[in-house]
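Take a look at the sequence and the model below. Then follow the text from one part to the next.

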There are 2 protein chains.
Amino acid sequence: MAGEKVTSMDVARRAGVSQSAVSRVFTPGASASPKTVAKVRKAADELGYRPNVLARGLITGKTRMIGLVVAYLDNQFYPVALELLSKALQERGYHVLMFMAGNATEDISHIVDELLDYQVDGIVTASVAMTNDLTARCDTAGIPVLMFNRGQDDPRLSEVTTDNFAGGRQVARFLLAGGHARIAHIAGWQGSSTGRDRAAGFLAGLADAGREAHAVVDGMYHRDAAMDAARQLFDRPDRPDAVFVGNDHMAFAVMDVLRHELGLSIPGDVSVVGYDDVPLAAWPAYDLTTVRQPVRRMVAETVDRLLARIETGDTAPAKIRIPGTLMLRGSARIPQGWTQ
Amino acid sequence: MAGEKVTSMDVARRAGVSQSAVSRVFTPGASASPKTVAKVRKAADELGYRPNVLARGLITGKTRMIGLVVAYLDNQFYPVALELLSKALQERGYHVLMFMAGNATEDISHIVDELLDYQVDGIVTASVAMTNDLTARCDTAGIPVLMFNRGQDDPRLSEVTTDNFAGGRQVARFLLAGGHARIAHIAGWQGSSTGRDRAAGFLAGLADAGREAHAVVDGMYHRDAAMDAARQLFDRPDRPDAVFVGNDHMAFAVMDVLRHELGLSIPGDVSVVGYDDVPLAAWPAYDLTTVRQPVRRMVAETVDRLLARIETGDTAPAKIRIPGTLMLRGSARIPQGWTQ
DNA sequence: TCGCATTTTGCATACGCTTGCAAAAATGCT
DNA sequence: AGCATTTTTGCAAGCGTATGCAAAATGCGA
């Protein structure tokens, strides 16, 4: 616990140059003669000097920190995304400052305050909704916001999602082709764009064939709610013979109920399809047919867009929609000769 | 994108007081008359002023940021811990700055540099090993380090773990009481203290009864490695009838192999016991008997100790060891009349 | 060698805030 | 009311760095 901070001034003295010379050596764009660079580098190494990012940030107005707002991490999709996001930002010299949010708006408002306090250069929200009011606050503060895996109507907002409507529709086509008679939907939270879009696409896909959903229930993206929904839908004579569940996290819950509470076989009695393709979906215990969201690409887009706005001031908000693909596995009957 | 920063100076002018008065109103310990407080608060609200945490940090030397170093998030234990940690710190006015690390030492060294650049007030490492050299660097910089769920011999290091040795031993007793004949261990990474301690405790527990492990293999805390280990151990005539797996993440992999590749029944043919008790362990698809690590308590301890060192300078390193408890579920035969 | 264009360098200031110090205001006491 | 004490206030210095500006150093061609 020595606590001895070594500053650019210390390095300057030891190298026999001015403090500004030291600063220039550590500032990418600046000019310094080879001789000075050498002297400064040497002195800096000997003293173990590294520039103070915060002091630098005070002047440049850039902290190289990105605020990430997340509501929960129990859905495996988010830790995976977080890991990739954090790594990608790290490679480009940024770091993630975490903010856990409840879903209450008031809570989020509080968090936006804190984000601004820390002078983050940009904000990524995941599994969280921003109100227009909050977006405005960030806007006037000049901080770009990007919504990851969630959309919002406000055209000033940037977002990166998969094409949830198309994904839902494709699931409908797939289940119809499989010859299912009673097709139900345990939907994602209808307060979220993903939940609504997937449901709408799914219903549209059924409608394309002149069909309707046997039942639609909101599973709230919660394991418990999804289990309740499954019980409600399946514990009766006219139970569905196929169900599209709004994300994998809920789909696992539904499968657990079907198999272990109701003794149904998958896909014998019921076909189950999810959304996300989290790693667990590929494990044989679930072997879940699901729509893959290409997380790597989503993260790459997120980083590119956000940093473009930060670094080049490229200010146009973007709504980026990446296609998803249906992963065929064992939890749903595969139609004869089915090709995507 | 207005970018209009409002500073304490702006507030001061509007409230008709000095800049220092504004500062005092926003500094917990400082003194200001009720009248001034009122004027300043009013002006601040009207302008939407909030103190700049970074500028404050430059003076106080405290950034209210805790660096978190993690190697991977695919083992569910870590996202859960991260969520709790982040929330707990948030409640006490701190925030988590994320650093993803590969396991290479050189990589970690790089990360320590960056941690120091950001002037974090403290560091938590999880699923990552620090070398003594790195610890020293943080020490001289006056930044307390706390290892979460990983120990190290260096007495200067603080750590929070469960009693892995005791946990391993209890599993041994449990499996012995269950009358198993050939008890194997797919161990956690032997480069980590948790991996070693659990294995050692387990072997000690067997030895207590004059028994030996039927086989011990290192599963590296990796899904793929654990699957290979399972194949190697079980795809032969004298296969084990019980296996203790070094953590839940690997245990799921092992169960998948046993059931879906080798067609074995659990616990009919083989009893499986894990370590951690991640949420997934309680889902009926796995229903895994496992040693619970009380994450909430671990996190609470972590936060308490770390902030104590930061805020009160309480400098004594601590090795905190919390007891775990065996959660009885369906993946392992339960001995008649077994009580913990 | 000298003059000119170009780099490199140091000085000084600023970023937004906290805090020691001394002056000013408020308070309590006789 | 008058004085001693306490509280509140403003001033100014500083935290560690970046950067515009002018002065010094360098390079180049003739």
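Helices (H or I, at least four residues) and strands (E, at least two) are DSSP runs, numbered from the N terminus. With that in hand, start at a loop. Pro267(B) sits in the loop between helix 11 and strand 9 (271–276) of chain B. The peptide bond that leads from Ile266(B) into Pro267(B) is cis, with omega near 5 degrees. Now turn to chain A. There, the bond from Ile266(A) to Pro267(A) is cis, with omega near 5 degrees. Pro267(A) belongs to the loop between helix 11 (248–261) and strand 9 (271–276) of chain A.

A word on the model itself. It is predicted: local features need pLDDT of at least 70, side-chain atom pairs count only at pLDDT 80 or more, and totals for chains, interfaces and linings use all residues. Residues are numbered from 1 along each chain as its sequence is written, chains are lettered from A and ligands numbered from 1 in the order in which they are written, and side-chain values use heavy atoms, with hydrogens and water left out.

One more loop in chain B deserves a stop. It runs between strand 7 (215–218) and helix 10 (223–234), and it holds Tyr221(B). Tyr221(B) is not a glycine, yet its phi is positive, about 60 degrees.

Next, see how the two protein chains meet. Contact means heavy atoms within 4.5 Å. By that rule, 56 residues of chain B touch 56 residues of chain A. How much area do chain B and chain A bury between them? The value is about 5,100 Å², with 61% of it on carbon and sulfur atoms. Buried area is the accessible area (1.4 Å probe) that two parts lose on being put together, summed over both.

Charged side chains also link the two chains. A salt bridge is a side-chain nitrogen of Lys or Arg within 4 Å of a carboxyl oxygen of Asp or Glu. There are two salt bridges between chain B and chain A. Arg50(B) and Asp117(A) form a salt bridge through their side chains, at 2.6 Å from N to O. Several elements of chain B each give at least two residues to the side that touches chain A, among them helix 5 (77–91), helix 6 (105–117) and helix 11 (248–261). That side of chain B has 28 nonpolar, 14 polar and 14 charged residues. The classes are fixed: Ala, Val, Leu, Ile, Met, Phe, Trp, Tyr, Cys and Pro count as nonpolar, Asp, Glu, Lys and Arg as charged, and the others, Gly among them, as polar.

Strands join the chains too. Two strands pair if DSSP finds at least two bridges between them. Strand 2 (residues 95–100) of chain A pairs with strand 2 of chain B in the antiparallel sense, over three bridges. Which residue is the bridge partner of Leu97(A)? The partner is Leu97(B), in strand 2 of chain B.

Salt bridges also occur within a chain. Over all chains, a search of the whole structure finds 36. Glu83(A) and Lys87(A) meet in a salt bridge, at 3.3 Å from N to O. Both lie in helix 5 (residues 77–91) of chain A, four residues apart, about one turn of the helix.

Now for the DNA. A residue is near a strand or molecule if one of its heavy atoms lies within 4 Å of it. DNA strand C has 26 residues around it, and Thr36(A), Ser8(B), Gln19(B), Ser23(B) and Arg56(B) come nearest. A base oxygen of strand C is 2.6 Å from an N or O atom in the side chain of Arg24(A). A base nitrogen of strand C is 3.1 Å from a side-chain N or O atom of Ser20(A). Ser8(B) uses its backbone: a polar atom there is 2.5 Å from a phosphate oxygen of strand C. By class, the surface near strand C has nine nonpolar, 13 polar and four charged residues.

DNA strand D is surrounded by 28 residues. Sugar and phosphate make up 55% of the strand D atoms that come within 4 Å of the protein. In Ser23(A), a side-chain N or O atom is 2.4 Å from a phosphate oxygen of strand D. Asn52(A) offers a backbone N or O atom, 2.9 Å from a phosphate oxygen of strand D. The surface near strand D has nine nonpolar, 13 polar and six charged residues.

Terms used: Polar contact = N/O pair within 3.5 Å; in protein donor to acceptor, adjacent residues only side chain to side chain.
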